[in-house]
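Work through these short exercises with the structure open beside you. Try each task before you read its solution.

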Amino acid sequence: MTERELLETGLEQLGLSASPQAVDDLLRFSALLLEKNKVMNLTAVTDPREVVTRHFLDCAALAPQLQPGGRVLDVGTGAGFPGLPLAVLCPQTEFTLLDAQRKRIDFLSDVIAALGLSNCTAVHARAEDFAKDNRAAFDCAVSRAVAELRVLAELSLPMVRVGGCFLAMKAADCADEVAAAAHACAVLGGGAAQTLSYTVPHDGVARALVRIPKEADTPAQYPRRFKKIQSAPL
Ligand code: SAM
């Protein structure tokens, strides 16, 4: 199967219909990512077929959870995951890709310009600093492979509006991590976490999507400084 066929059939398996333009955009992103990865550490994946499965199809599994017309924040987006593939697949949703590393954000700004994506912006900032001017500014926050859930909840939930949600992409065996984060979520205005399981098409890897609804305003003292969040997680 070609990368295009892998991508098209994988998206179909997830119940997603992608336009030919969206498929072209994702394959162009893959090429730009692998090219830049030769001179900059963006991803451990070097096989274009694995970019399709381990990055694009894994991230695409979130798409059905997003509301068209909403504003989504990707906390610790790195090389654009999950936010960039989602921006391509969900053109009616607005994405802000946030990362503390300037070089990664510069790369993403170049990709966004090259693909002509008008629903996506890359921002260089630490989440705990960005939160100061963006409290409750997003309908949804998403994140993959950034920190354990207790820490991630403090970085993300303050920026989600009441009625919205935080979606954390985790390994399938995340039950202990989710249980350990229950207190943090409650303190931050989050409700009970719901874990949805899925399998990445063509890859067969089992993954989990942890959904934390935002039920009340986050108290003003959160998020704390990063050192404090890490050394004394809620
Ligand atoms: N989410 C991407 C993925 O799944 O491939 C990247 C994961 S990478 C392991 C973690 C990223 O989170 C890094 O790019 C790092 O700079 C970013 N990060 C960690 N802590 C952060 C913070 N407090 N604010 C913003 N970005 C952060």
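**Exercise 1: Polar contacts of the ligand**

Task: Find how far a polar side-chain atom of Glu128 lies from a nitrogen atom of the ligand.

Solution. Keep in mind that this is a predicted model. Step one: select the side chain of Glu128 and pick its polar atom, which lies 3.0 Å from a ligand nitrogen. Step two: apply the cut-off. A polar contact needs N or O atoms within 3.5 Å, so the Glu128 pair at 3.0 Å qualifies. Step three: repeat for Arg126, where a polar side-chain atom is 3.1 Å from a nitrogen of the ligand. Step four: turn to Arg144. Here an N or O atom of the side chain is 2.6 Å from a ligand oxygen. Step five: look at the cover. Alone, the ligand has 600 Å² of accessible area, and the protein covers 80% of that.

**Exercise 2: The ligand's surroundings**

Task: State where the ligand sits and describe the shell around the ligand by class.

Solution. Step one: locate the site. The ligand occupies the largest pocket. Step two: list the neighbours. There are 16 residues around the ligand, and those that come nearest are Gly76, Phe81, Asp99, Arg104 and Arg144. Step three: sort the shell. Seven residues are nonpolar, four are polar and five are charged.

**Exercise 3: Leu115**

Task: Decide whether Leu115 is buried or exposed.

Solution. Step one: place the residue. Leu115 belongs to helix α5, residues 102–115. Step two: read its relative accessible area, 12%. Step three: compare with the cut-off. Buried means under 20%, so Leu115 is buried. Step four: check a distance. Leu115 and Gln194 are 79 residues apart along the chain, and their C-alpha atoms are 34 Å apart.

Conventions:
Residues are numbered from 1 along each chain as its sequence is written. This is a predicted model: local features need pLDDT of at least 70, side-chain atom pairs count only at pLDDT 80 or more; totals for chains, interfaces and linings use all residues. Side-chain values use heavy atoms; hydrogens and water are left out. A residue is near a molecule or strand if one of its heavy atoms lies within 4 Å of it. A polar contact is a pair of N or O atoms within 3.5 Å; within protein, one must be able to donate a hydrogen and the other to accept it, and residues adjacent in sequence count only if both atoms are side-chain atoms. Accessible areas come from the Shrake-Rupley method with a 1.4 Å probe; for residues, only the protein chains shown count as cover. On a 1 Å grid over the protein atoms alone, a cavity is a set of points where a 1.4 Å probe fits but cannot get out, and a pocket is an open set with protein on both sides within 12 Å along at least five of seven lines; lining residues have an atom within 4 Å of a point. A molecule sits in a cavity or pocket if more than half of its atoms lie within 2 Å of its grid points. Ala, Val, Leu, Ile, Met, Phe, Trp, Tyr, Cys and Pro count as nonpolar, Asp, Glu, Lys and Arg as charged, and the others, Gly among them, as polar. Helices (H or I, at least four residues) and strands (E, at least two) are DSSP runs, numbered from the N terminus. Buried means under 20% relative accessible area, exposed over 50%, partly exposed in between (1.4 Å probe, protein chains only).
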